[in-house]
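Welcome, and take a moment to look around before reading on. The notes below walk through some places worth finding on screen.

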Amino acid sequence: MTELAPSLQARPVLGSADAVRAFYLFEASLMTVIVLAGFWPFYAGLVAGGTVRHPVIYLHAAVFTGWLVLMISQVLLVYVRKVRIHQRVGRAAIGYAIALLVLGIAVSIILTVERVTAGESTVDAAAGFLVLPLGDLLLFGGLFAAGIHYRRAPATHKRLMLLATNALVFPGAARLGDPSIAMIFGLWFLPIVLAMAFDQFTTGRIHRVYYIGVAVMLVFFMRVGLIDAELWLAIGRRIVGAFL
């Protein structure tokens, strides 16, 4: 399979292959820190034996945490030059990603319905909020599928996988940066901005995948404006109502 942007296959201006691998390990660690910091109250509640939640919520938390471990493991395998093992694990990761998507959708609906039945939210407020987690999952699924499609083009593949995982950073960034939209936006885009800067510094140009990825992320970020829009509320009410 051909490279998405053949013209970008330039020799590095600065930095070695080891430096590139180390940078991707840093990026995986950074995204993990943002997610864990944002969800720390949930993890702390588990340790402290807080409110008992729906079993699917705990299953999703375990699978989601496992994805972060899987991501770092995959980067480590490349770092230590175990590429064949990386590829075999990557094939298995396709099924894992599908499970993550299914559980993500289930948990998004369960949490939304719980808020309504507990009297913590109106149907409209819950329906509006639903556009956020479902949007995260749609963004992740699309970028992950693109990454699998370009798995034989390493330069494109690794950047798409970075973008896909970064899609899952949004919930953690939203919790960590709340209530500042600027802080949420900054935390979510931080790994990508650093990756673009690294490209520019090491190769003299930014890979086209990042431009496409940022454009898609900006479009998805604009879904915040749909929370109170009747266009989405009509859909959200149907989803919430079906499970109420």
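Arg-223 touches Val-131, Leu-132, Gly-135, Asp-136 and Phe-170, leaving out residues up to four places away in sequence. In this predicted model, Arg-223 sits in the loop between helix 10 and helix 11 (230-243). Is Arg-223 buried or exposed? Its relative accessibility is 6%, so Arg-223 counts as buried. For a sense of distance, try Leu-103: it is 120 residues from Arg-223 along the chain, and the two C-alpha atoms are separated by 21 Å.

One of the contacts of Arg-223, Phe-170, leads us to helix 8. In this helix, Val-169, Phe-170, Pro-171, Gly-172, Ala-173 and Gly-177 are buried. What do the buried residues of helix 8 pack against? Their partners are helix 1 (17-38), helix 6, helix 7, helix 9 and helix 10 (208-221).

Follow the chain onward and you meet Pro-179, in the loop between helix 8 and helix 9. The peptide bond that joins Asp-178 and Pro-179 is cis, with omega at about 10 degrees. Pro-179 can also be paired with Gly-66: they are 113 residues apart in sequence, and from C-alpha to C-alpha they are 28 Å apart in space. Gly-66 itself belongs to helix 3, and at 21% relative accessibility it counts as partly exposed.

Now for helix 7 (residues 154-167), where you will find Leu-162. With 5% relative accessibility, Leu-162 counts as buried. Leaving aside neighbours within four places in sequence, Leu-162 is in contact with Tyr-24, Glu-27, Met-31, Ile-192, Ala-195 and Tyr-210. Phe-140 is 22 residues from Leu-162 in sequence, and their C-alpha atoms are 10 Å apart in space.

Here are the pairs mentioned so far, side by side.

| Pair | Apart in sequence | C-alpha to C-alpha |
|---|---|---|
| Leu-162 and Phe-140 | 22 residues | 10 Å |
| Arg-223 and Leu-103 | 120 residues | 21 Å |
| Gly-66 and Pro-179 | 113 residues | 28 Å |

Let us turn to helix 3 (residues 55-79), which holds Gln-74. Because its relative accessibility is 11%, Gln-74 counts as buried. Which residues does Gln-74 touch, not counting those up to four places away in sequence? They are His-86, Val-89 and Gly-90. With His-86 there is a polar pairing to look for: a polar atom of the Gln-74 side chain lies 2.9 Å from the backbone oxygen of His-86.

Between helix 3 and helix 4 there is a loop, and Arg-81 has its place there. Phi of Arg-81 is near 65 degrees, which is a positive value in a residue other than glycine. Arg-81 counts as exposed because its relative accessibility is 54%.

Next comes helix 4, which covers residues 83-117 and so has 35 residues. From its first C-alpha to its last, helix 4 reaches 49 Å, close to the 51 Å expected at 1.5 Å a residue. Where is the kink in helix 4 centred? The centre is Ala-92, and the kink is about 30 degrees. Just after helix 4, Gly-119 takes a positive phi of about 75 degrees.

Finally, have a look at the second largest pocket, which has a volume of about 1000 Å³. It is lined by 36 residues, and the closest to its centre are Phe-39, Leu-111, Phe-129, Pro-171 and Arg-175. The elements that give two or more residues to this lining are helix 2 (40-48), helix 3, helix 4, helix 6 (131-149), helix 8 (169-177) and helix 9 (181-203). Which helix gives the largest share of the lining of the second largest pocket? That is helix 4, with eight residues. Pro-171, one of the residues closest to the pocket centre, is also among the buried residues of helix 8.

How values were computed
Residues numbered from 1 in each chain as written. Predicted model: local features only at pLDDT ≥ 70, side-chain atom pairs only at ≥ 80, totals over all residues. Heavy atoms only, no water. Helix = DSSP H or I, 4+ residues; strand = E, 2+ residues; numbered from the N terminus. Expected span 1.5 Å × (residues − 1). Bend = angle between axes of the 7 residues up to and from the residue. Buried < 20%, exposed > 50% of the residue type's maximum accessible area, 1.4 Å probe, protein only. Polar contact = N/O pair within 3.5 Å; in protein donor to acceptor, adjacent residues only side chain to side chain. Contact = heavy atoms within 4.5 Å. 1 Å grid on protein atoms, 1.4 Å probe; cavity = no way out; pocket = protein on both sides within 12 Å on 5 of 7 lines; lining within 4 Å. Points joined across faces, edges and corners; volume = space filled by probe spheres on them.
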